[in-house]
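Hi everyone, thanks for making time for this. I'd like to walk you through a structure that may be new to you, so let's put it up on the screen.

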Amino acid sequence: MTSIYSKLESIYDLIDDLIEEEEGTWYPNRKLSSNHLTDLKEVRTLLSSIVHYEPTDQEMMSSFGTKWHDGL
């Protein structure tokens, strides 16, 4: 059974490949309009923030418990 993150990552890769293909195609021969291409780039950015998530420093520090507990 595949995880949701692996499915999202494969979707991200497919969108990324499509964007690269469209940007490498001469403008009149493109399959997507520039508006659709811009929308795909926004979707890719949103998916990237989910698939390639980096916790903040505060999230990392809070995952190790409280400071008073470390002194015991």
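Let me begin with one residue, Asp 16. Is Asp 16 buried or exposed? Its relative accessibility is 19%, and because buried means under 20%, Asp 16 counts as buried. Please keep in mind that this is a predicted model.

Where does Asp 16 sit? You'll find Asp 16 in helix H1. That helix runs over residues 4-23, which gives it 20 residues. From the first C-alpha of H1 to the last, the reach is 28 Å, close to the 28 Å expected at 1.5 Å a residue.

Asp 16 has company, too. The buried residues in H1 are Tyr 12, Ile 15, Asp 16, Ile 19 and Glu 22. If you look down the axis of H1, its buried residues fall within an arc of 130°, so they line one face of the helix. And what covers them? Helix H2, residues 34-51, is part of that cover. Here is one pair to find on the screen: Asp 16 and Lys 41 lie 25 residues apart along the chain, and their C-alpha atoms are separated by 8.2 Å.

Now let's step back to the whole chain. There are four helices and zero strands, so to speak, an α-α-α-α pattern when you read along the sequence. Of the 72 residues, 12% are buried. Among contacts with a separation of 6 or more, 47% join residues 24 or more positions apart. Finally, the accessible surface comes to about 6200 Å², and carbon and sulfur atoms account for 59% of that.

Technical notes
Residues are numbered from 1 along each chain as its sequence is written. This is a predicted model: local features need pLDDT of at least 70, side-chain atom pairs count only at pLDDT 80 or more; totals for chains, interfaces and linings use all residues. Side-chain values use heavy atoms; hydrogens and water are left out. Helices (H or I, at least four residues) and strands (E, at least two) are DSSP runs, numbered from the N terminus. The expected span of a helix is 1.5 Å times one less than its number of residues. Buried means under 20% relative accessible area, exposed over 50%, partly exposed in between (1.4 Å probe, protein chains only). The arc is that of the directions from the helix axis to the C-beta atoms. Contact means heavy atoms within 4.5 Å. Accessible areas come from the Shrake-Rupley method with a 1.4 Å probe; for residues, only the protein chains shown count as cover.
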